[in-house]
Each structure stands twice: as structure tokens, then as C-alpha cells.
Amino acid sequence: MKAKFATVCISCGDKIRPGKEILKNRDEKWVHKHCAEDSEGLP
Ligand SMILES: [Zn+2]
């Protein structure tokens with residue numbers, strides 16, 4: 001989904017601006033879409 005508000009990606013620590021594609025990770029925290037996909041292969 002697209003961010004409706006400004007927040008911080010807890011995966012990379014960068015800012016998420018409204019309109020960016022974001023996802024919730026397994027901890028229910030917002031991360032960039034690409035950050036969530038990057039972490040899926042990790043143990
Ligand atoms: Zn990120």
C-alpha cells in the first residue's frame with residue numbers, strides 16, 4: 001500500500017514519505033516495500 005503519513009522504516013532506518021510503497025513486517029512495523037522483500041530470505 002502507499003504510505004499516508006511520514007514515518008521511519010525500521011528495516012533500513014530511512015524516512016518513509018507519504019506516497020511511498022510500504023508494507024508491514026512480521027512485527028507490524030512499517031517498512032519500505034523493497035525492505036520487506038529483502039528480509040524475507042533471511043533466517
Ligand atoms: Zn527501508
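Two residues are in contact if their C-beta atoms, placed from the backbone, lie within 7 Å. The exercises below concern a predicted model, in which local features need pLDDT of at least 70 and side-chain atom pairs count only at pLDDT 80 or more, while totals for chains, interfaces and linings use all residues. Residues are numbered from 1 along each chain as its sequence is written.

**Exercise 1. Confidence and layout**

Task: Work out which pattern of helix and strands the chain follows along its sequence, and which elements have the lowest and the highest mean pLDDT.

Solution: Begin with confidence, for which pLDDT is the predictor's own figure for each residue, from 0 to 100; its mean over the chain is 88, and 86% of the residues reach 70 or more. Next, count the elements, taking helices (H or I, at least four residues) and strands (E, at least two) as DSSP runs numbered from the N terminus: the chain has one helix and four strands. Read along the sequence, these elements give the pattern β-β-β-β-α. Finally, among the elements, helix α1 (residues 33-39) has the lowest mean pLDDT, at 80, whereas strand β2 (residues 15-16) has the highest, at 97.

**Exercise 2. Cysteine 9 and the nonpolar core**

Task: Decide whether cysteine 9 counts as buried or exposed, and find which residues make up the largest nonpolar core.

Solution: First apply the burial rule, by which a residue is buried if 20 or more other C-beta atoms lie within 10 Å of its own, exposed if 12 or fewer, and partly exposed in between, with C-beta atoms placed from the backbone. Cysteine 9 lies in the loop between β1 and β2, and it counts as buried because it has 21 C-beta neighbours inside 10 Å. Then list its contacts, not counting residues up to four places away in sequence: they are Asp14, Ile16, Trp30, Val31, His32 and Cys35. A nonpolar core is a set of buried Ala, Val, Leu, Ile, Met, Phe, Trp, Tyr and Cys residues joined through C-beta atoms within 7 Å, and the largest one here has five residues, namely Cys9, Ile16, Ile22, Trp30 and Val31. As for distance, cysteine 9 and isoleucine 22 are 13 residues apart in sequence and 8.8 Å apart in space, C-alpha to C-alpha. In the chain as a whole, buried residues make up 12% of the 43 residues.

**Exercise 3. Two strand residues**

Task: Establish what threonine 7 and leucine 23 are in contact with, leaving aside neighbours within four places in sequence.

Solution: Start with threonine 7, which is found in strand β1 (residues 7-8) and is partly exposed, with 16 other C-beta atoms within 10 Å. Beyond its sequence neighbours within four places, threonine 7 is in contact with Ile16 and Trp30; its C-alpha lies 9.0 Å from that of valine 31, 24 residues apart in sequence. Leucine 23 is placed in strand β3 and counts as partly exposed because it has 15 C-beta neighbours inside 10 Å. With the same exclusion, the contacts of leucine 23 are Val31, Lys33 and Ala36.

**Exercise 4. The loop between β3 and β4**

Task: Determine whether glutamate 28 counts as buried or exposed, and how many C-beta neighbours asparagine 25 has inside 10 Å.

Solution: Glutamate 28 sits in the loop between β3 (22-24) and β4 (30-32), where it has a positive phi of about 65° although it is not a glycine. Having 6 C-beta neighbours inside 10 Å, glutamate 28 counts as exposed. Asparagine 25 is found in the loop between β3 and β4, and its 16 C-beta neighbours inside 10 Å make it partly exposed. Last, the C-alpha atoms of asparagine 25 and alanine 36, 11 residues apart along the chain, are separated by 6.2 Å.
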